[in-house]
Amino acid sequence: MALITVNGVVLPTPTDFGVSIMDISKAERNAAGTMIIERITTKRKIALSWAYLSASDLSKVLNAVAPTFYNVTYLDPQTGGNRTGSFYCGDRDLGMIDFVNGVPRYKDIKFDLIER
């Protein structure tokens, strides 16, 4: 079982994987000062990072998250099982560790996948 797939493409297992559970709410205080919260929905944000990736693995990852929206299946800590949702990608950070014989290797690749 893959830890994370994007539109059916199995991503390399990340070095770090974190899931944030975010409540989208409208909140305000009433005249008595009591907080009133209307929870609109709950969304996930998945933080992914890889310490090192080959050029071909990095290309696979970047191409998988290139569309504006896509389905992501991942291990959800709240349910303890796989969950699928529609996501988009935040800014992608990547660094090159070296360039040997014309072949680059990449380090410190990180980005967030945010539920639509």
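Is Asp93 buried, exposed or partly exposed? I opened the predicted model with this point in mind. Asp93 has a relative accessible area of 46%, so I recorded this residue as partly exposed.

**Entry 1. Surroundings of Asp93**

I located Asp93 in strand E7. I then listed what Asp93 touches, leaving out residues up to four places away in sequence, and found Asp108, Ile109 and Lys110. I also looked up Ala66, which is 27 residues from Asp93 along the chain; the C-alpha atoms of the two are separated by 14 Å.

**Entry 2. Overall form**

I counted one helix and eight strands in the protein chain. Read along the sequence, I noted the order β-β-β-β-α-β-β-β-β. I looked up the radius of gyration of the protein chain and found 18 Å, where a compact globule of 116 residues would have a value near 13 Å. The C-alpha trace spans about 70 × 25 × 25 Å along its principal axes.

I next considered burial and surface. Of the 116 residues in the protein chain, 27% are buried. The protein chain exposes about 7,100 Å², and carbon and sulfur atoms supply 49% of that area. Among contacts with a separation of 6 or more, I noted that 58% come from residues 24 or more positions apart. For charge, I recorded 13 positive and 12 negative side chains, with the centres of the two sets 3 Å apart.

**Entry 3. Strands E3 and E4**

I followed strand E3, residues 16-29, and strand E4, residues 35-54; the two pair in the antiparallel sense over 14 bridges. Ser20 stands opposite Lys45 in E4. Five residues lie between the strands of this hairpin, and there I found Gly33 with a positive phi near 90°.

**Entry 4. Ser49**

Is Ser49 buried or exposed? I noted its place in strand E4. Its relative accessibility is 16%, and the cut-off for buried is under 20%, so Ser49 counts as buried. Apart from neighbours within four places in sequence, I found Ser49 in contact with Pro14, Thr15, Asp16, Ile109 and Lys110. Ile109 and Lys110 had already appeared in my list for Asp93.

**Entry 5. Strands E7 and E8**

How many bridges join E7 to E8? I found six, and the two strands run antiparallel. I noted Val100 opposite Val103 in E8. The hairpin has two residues between the strands, and within this hairpin Asn101 takes a positive phi near 50°.

**Entry 6. Positive phi at Asn101 and Asn7**

I noted as background that most residues other than glycine have a negative phi. Asn101 has a phi near 50°, a positive value in a residue other than glycine. I placed Asn101 in the loop between strand E7 (93-100) and strand E8 (103-115). Its relative accessibility is 77%, so I recorded Asn101 as exposed.

Where does Asn7 lie? I found Asn7 in the loop between strand E1 (4-6) and strand E2 (9-10). The phi of Asn7 is likewise positive, near 50°, in a residue other than glycine. With a relative accessibility of 49%, Asn7 counts as partly exposed. I checked this against the cut-off, because exposed requires over 50%.

How values were computed: Residues are numbered from 1 along each chain as its sequence is written. This is a predicted model: local features need pLDDT of at least 70, side-chain atom pairs count only at pLDDT 80 or more; totals for chains, interfaces and linings use all residues. Side-chain values use heavy atoms; hydrogens and water are left out. Helices (H or I, at least four residues) and strands (E, at least two) are DSSP runs, numbered from the N terminus. The radius of gyration is taken over C-alpha atoms; the globule rule is 2.2 Å times the number of residues to the power 0.38. Buried means under 20% relative accessible area, exposed over 50%, partly exposed in between (1.4 Å probe, protein chains only). Contact means heavy atoms within 4.5 Å. Accessible areas come from the Shrake-Rupley method with a 1.4 Å probe; for residues, only the protein chains shown count as cover. Lys and Arg count as positive and Asp and Glu as negative; His and the chain ends are not counted. The place of a charge is taken as NZ of Lys, CZ of Arg, CG of Asp or CD of Glu. Two strands pair if DSSP finds at least two bridges between them.
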